[in-house]
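Colleague: Got a minute to go through the salt bridges in this one? Pull the model up and we'll start.

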Amino acid sequence: MINAADLQQVKLKPRDEGSRRDRSAPNFNIGSEFTKQREETLRDYFFSTGLDRWYESLKDESFPTEFVPLTREEGQAIVSHWEHHFKNRSSSSDGDALLLTVEVPASLNGLRKRIDDVIRSLSPEAGVFVKLTTRSPKDSHVAFAKARGAFASKLPSLGDNPSANNRLILLAEVVLQSLRVRSGEEAISLLVSSTRVGEDLEYALNPENDDFEKCTCLVVRKWVDIPLWAEFRGFVWGGKLTSIGQYNHPVRFPQLVEHRERIKSDLESFFASVKDRIPLERYIVDFAWTEGRVYLIEVNPFDGEVVFPASTGLWSWVEDREQMMKGALELRIRAEELEARVLKNSIEPEWRGVVFPSAMATH
């Protein structure tokens, strides 16, 4: 377990507050006081929240899942392909056709076959969601190229002059669907084009880590359609669920206004039923809510602001720290749509270019 006093001694380098970089990555841009022993402790914590560490005891509360072993050589092949083709690439519309024809490196043919075998037995019709035990390839360049095309074809269904809020919801929906795969080749194309996956594998491949296979593997989960508005992120401190927010936080969903109190009650009851099976004191827990049940999606490391800052959505670790550490439990939703200019500045540049083309820049 991480010692809070140790974390408070870590010296941080200044960060660019204007950056919109994914904040779920471990932040190791720290000073010389960060010792090898402390790094090993934090690495253990990072991987201790991996899906493989808790799934067996909570599989009845989550989505059907299989684990595919990943060798160090395969991990290195994924990282090498990402570094060569995608690491410094922007997700502009230029080259979408090329992105959609990514070839699986020959060194990953064995992994492709293992994934194919799992898909055939787990979910051949609905497809699957593929991720590492830590993070998913939701930032995949290949997935976003697919989503951009789907957005253009579906945009007319929103009618004339759709709001920025509704355009962003549509993009988020097609991005999510772009992560559904039905073959090992499709799965690997997402993995090798994802910075999140590349970073996590680089971390696991650290020369100081001589146990790569125990740190990470590939996770193949049966695809279950969950509406965007029904996903939530909870924050646990001292084993207590203190704060919950809608996962897709920049947009307003009318359904949340209607079901808010029931959702809060259901999530609180669900967490009470599973918390003793999660052997951590501080973490993020993601939920999916449906009329019939609640699903545990995943668990992520969280220490507030030091090494594992994460995306806190409608919560601010600076302004809401007392609440996030002590409770009482509160569920936050976005009750009103953001102004278009504010919404525009709250999303990634790649998304901004799709949701706010010049003709719609101020609407």
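Modeller: Sure. Arg-114 makes a salt bridge with Glu-74, with the closest N and O atoms 2.7 Å apart. A salt bridge here is a side-chain nitrogen of Lys or Arg within 4 Å of a carboxyl oxygen of Asp or Glu.

Colleague: And which parts does the pair tie together?

Modeller: Arg-114 is in helix α6 (residues 109–122) and Glu-74 in helix α4 (residues 72–85), so parts 40 residues apart in sequence are tied together. Helices are DSSP runs of H or I, at least four residues, strands are E runs of at least two, and both are numbered from the N terminus.

Colleague: Is Glu-74 buried or exposed?

Modeller: Glu-74 is buried, at 8% relative accessibility, while Arg-114 is partly exposed at 27%. Buried means under 20% relative accessible area, exposed over 50%, partly exposed in between (1.4 Å probe, protein chains only).

Colleague: What does Asp-200 meet in a salt bridge?

Modeller: Arg-135, at 3.0 Å from N to O. Asp-200 sits in helix α10 (195–204) and Arg-135 in the loop between β2 (128–132) and α7 (141–154), 65 residues apart. Both Asp-200 and Arg-135 are buried.

Colleague: How many salt bridges in the whole structure?

Modeller: The search finds 19.

Colleague: Switching topic, what's the average pLDDT?

Modeller: The average is 85, and 80% of the residues score at least 70; pLDDT is the predictor's confidence in each residue, from 0 to 100. This is a predicted model, so local features need pLDDT of at least 70 and side-chain atom pairs 80 or more, while totals for chains, interfaces and linings use all residues. Residues are numbered from 1 along each chain as its sequence is written, and side-chain values use heavy atoms, leaving out hydrogens and water.
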